[in-house]
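This report describes selected features of one protein structure for a reader who is new to the subject. Please keep the sequence and the structure in view while reading.

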Amino acid sequence: MNAGAVPHRIVIVGGGAGGLPLAARLGDKLGRRGRAEITLVDRNGTHLWKPLLHEVAAGRMDADVHGVDYLALAYWHYFRFRQGTVAGLDRARHELTLAAVNDDDGAVMLPQRVLRYDTLVFCVGSVSNDFGVPGVAQHAISLETLEEAERFHRRLLAACVRADGAAAAGNPTGVDIVIIGAGATGVELAAEIRQTTHVHASYGLEHLDPRKDVRLTVIEAAPQILPLLSEHVAKAATGLLEKLNVQVRTGERVTAVEESGVRAASGAFHPADLVVWAAGI
Ligand SMILES: Cc1cc2nc3c(=O)[nH]c(=O)nc-3n(C[C@H](O)[C@H](O)[C@H](O)COP(=O)(O)OP(=O)(O)OC[C@H]3O[C@@H](n4cnc5c(N)ncnc54)[C@H](O)[C@@H]3O)c2cc1C
């Protein structure tokens, strides 16, 4: 590159499993020597690897402690970080528009901005498919983002506190949690919730027996849980879930999610205070 020339501008949108290592490697290789200017864009200020979200949902992991701070990584790996959701793209002008970012009180923290690029890489991930099952969007939570995992955890705690109060008043209701989809996420989440509700109970839920009163059901349309793994592994995992007092319903196709529970093609209705949609691809 000639002295004084503007370095090639590489903008990477999405600091997830794909974009974050790309920004770090390009930063180390090119940004460090000023051979290119690397900018990573993400709508959030921190990254938590998605496969850990079920631990946040169950309350075993604090995302503030385990999340990776983009600005810190940018400093160590010679790239720039810009927070914002992509609001527009002008490919002819090589301009990317980022929406304004508000703080927790709704005040504008960063205004709408335009980033110019020479090379643009999009790594924005995917969203879960609800396969057109009615009610999923309204009544179920998908653990795809940190916000959703934290929302699930808050709702889990609220449901346990409510049930504890009801039991104290002589009207035990318990908590029904239905997880739809018994892939790795659904299975791990069920086990995590069972383990962590014990911990919650020991912090003052005096009238709730977490093993008995927090009822967990995993529903799977395929004939076995963990459908991508061998029958042998699925059987062993089913045995472990049953030991944890998790009900496993295989061969059960969900047809609707309603406010008070989950309806299946078999005609069964599974009452639920909380529903997790872990069945989308
Ligand atoms: C619950 C769950 C469990 C999983 N478990 C496993 C596992 O055990 N093993 C495994 O290999 N894979 C697992 N996966 C899949 C794995 O997480 C994905 O394959 C991987 O994260 C995809 O990487 P990505 O970079 O394409 O997208 P992501 O990692 O999703 O990153 C996308 C990034 O783009 C940002 N973004 C999105 N839209 C915008 C926008 N408009 N503007 C700005 N930023 C935006 C997001 O904030 C995010 O940081 C799991 C996924 C989920 C949801």
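## Cysteines, helices and sheets

C160 has a relative accessibility of 1%, and it therefore counts as buried, the cut-off being under 20%. The structure in question is a predicted model. C123, by contrast, has a relative accessibility of 22% and so counts as partly exposed. A disulfide is a covalent bond between the sulfur atoms of two cysteines. How many disulfides does a search of the whole structure find? The search finds 0.

**A pair of helices**

Helix α1 covers residues 19-31 and helix α4 covers residues 70-77. Their axes come within 8 Å and cross at roughly 25 degrees. Because angles under 35 degrees count as roughly parallel, α1 and α4 are described as roughly parallel to each other. Which residues make the contact? On the side of α1 they are L20, A23, A24, G27 and D28, while α4 contributes Y70, L73, W76 and H77. Sorted by class, the contact of α1 with α4 has 6 nonpolar residues, 2 polar residues and 1 charged residue.

**Two open sheets**

Strands of a sheet pair through backbone hydrogen bonds, either parallel or antiparallel. Both arrangements can be followed here: an open sheet of 4 strands shows parallel pairing, and an open sheet of 3 strands shows antiparallel pairing.

In the sheet of 4 strands, the order is β14-β13-β12-β18. Its edge strands, β14 (246-250) and β18 (274-277), each pair on one side only. From one strand to the next, the twist of this sheet averages 15 degrees. Within the sheet, β12 pairs with β13 in the parallel sense, and D176 stands opposite R215 in β13.

The sheet of 3 strands has the order β6-β7-β10. Here the edge strands are β6 (86-90) and β10 (113-116), and each of them pairs on one side only. The twist averages 25 degrees from one strand to the next. β6 and β7 pair in the antiparallel sense, with G88 standing opposite T97 in β7.

The table sets out one strand pair from each sheet.

| Strand pair | Residues of the second-numbered strand | Sense | Bridges |
|---|---|---|---|
| β12 and β13 | β13: residues 214-220 | parallel | 6 bridges |
| β6 and β7 | β7: residues 95-98 | antiparallel | 4 bridges |

In the first of these pairs, strand β12 spans residues 175-180.

Definitions and conventions
Residues numbered from 1 in each chain as written. Predicted model: local features only at pLDDT ≥ 70, side-chain atom pairs only at ≥ 80, totals over all residues. Heavy atoms only, no water. Axes fitted to C-alpha atoms, helices over the stretch in contact; angles between N-to-C directions. Helix = DSSP H or I, 4+ residues; strand = E, 2+ residues; numbered from the N terminus. Parallel < 35°, antiparallel > 145°, perpendicular 65-115°, else oblique. Contact = heavy atoms within 4.5 Å. Nonpolar A, V, L, I, M, F, W, Y, C, P; charged D, E, K, R; others polar. Disulfide = S-S within 2.5 Å. Buried < 20%, exposed > 50% of the residue type's maximum accessible area, 1.4 Å probe, protein only. Pairing = 2+ DSSP bridges.
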